[in-house]
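Let's work through a few short exercises together. Have a look at the model first, then try each task before reading its solution.

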Amino acid sequence: MNAPLQAFPDTAGAPRAFFASSPLECRYGGNSIDGIAVVIERKRVKNISLRVKRDGSAHLSIPARRATLAQGVAFLAAKWEWVKKARARIAAHAGAAEREASAEELARLAALLAELHTAWTTKLDERGVEWKLRRMKTRWGVCNWVKRRISYANMLALAPRECVEYVVVHELTHLRAHNHGPAFKALMDARLPAWRALRRRLKA
Ligand SMILES: [Zn+2]
């Protein structure tokens with residue numbers, strides 16, 4: 001038997017009592033399984049779902065009325081290995097993000113951005129676009145389309161060239177499409193057909 005099922009033997013104990021006495025939408029955060037914090041929520045959702053947050057905690061959502069706590073726990077048990085892998089991925093990513101780019105890496109990135117900007121602004125016929133490098137933790141790039149100014153994150157210095165190119169095309173595309181709606185996606189598909197795969201690679 002694997003960890004989640006052991007932690008909730010036939011889903012008895014505190015969670016069951018809690019769920020039985022709670023309103024339709026409720027949250028139970030008192031569990032730790034294998035040293036992993038588990039939050040169980042009952043929500044107005046369609047399907048049972050599970051996600052691992054940045055802090056490494058696992059969040060299980062059980063649809064109100066459509067599934068029982070036992071079904072939710074069985075789902076969690078079936079996905080337990082996935083939870084552990086997702087946590088390992090997050091931990092590895094956090095470690096990489098904490099590393100600062102060296103001066104040499106930043107100089108290389110600046111040269112690459114200069115090259116890509118010239119190539120893409122020419123190709124897309126976008127004039128007067130300024131760019132700079134900046135320390136940003138949560139975003140790869142920011143486009144101020146009013147001032148036609150783009151900031152790129154220093155941490156791009158640690159990304160492969162194709163991914164840097166994706167970010168350049170992404171930010172330049174915001175000059176025409178300000179959000180990430182259908183118009184933005186259509187432009188990206190036309191400009192850089194592989195952009196979805198590159199974005200996945202950048203996030204990995
Ligand atoms: Zn964007």
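A residue is buried if 20 or more other C-beta atoms lie within 10 Å of its own, exposed if 12 or fewer, and partly exposed in between, with C-beta atoms placed from the backbone. This is a predicted model, in which local features need pLDDT of at least 70 and side-chain atom pairs count only at pLDDT 80 or more, while totals for chains, interfaces and linings use all residues. Residues are numbered from 1 along each chain as its sequence is written.

**Exercise 1.** Work out whether Ala157 is buried or exposed, and find its surroundings.

*Solution.* Begin with the count: Ala157 is buried because it has 23 C-beta neighbours inside 10 Å. Next, place Ala157 in the loop between β7 (149–153) and α6 (161–173); helices (H or I, at least four residues) and strands (E, at least two) are DSSP runs, numbered from the N terminus. Then list the contacts (C-beta atoms, placed from the backbone, within 7 Å). Beyond neighbours within four places in sequence, Ala157 touches Ala101, Glu105, Leu106, Arg108 and Leu109 in this sense. Finally, check one pair: Ala157 and Arg108 are 49 residues apart along the chain, with their C-alpha atoms separated by 7.5 Å.

**Exercise 2.** Classify Arg201 by its C-beta neighbours.

*Solution.* Start from helix α8 (residues 195–203), which holds Arg201. Arg201 has 14 C-beta neighbours inside 10 Å, so it counts as partly exposed. Lastly, the C-alpha atoms of Arg201 and Cys163 are separated by 7.4 Å, with their positions 38 residues apart along the chain.

**Exercise 3.** Find what share of the 204 residues of the protein counts as buried.

*Solution.* Applying the criterion across the protein gives 19%.

Methods: Contact = placed C-beta atoms within 7 Å.
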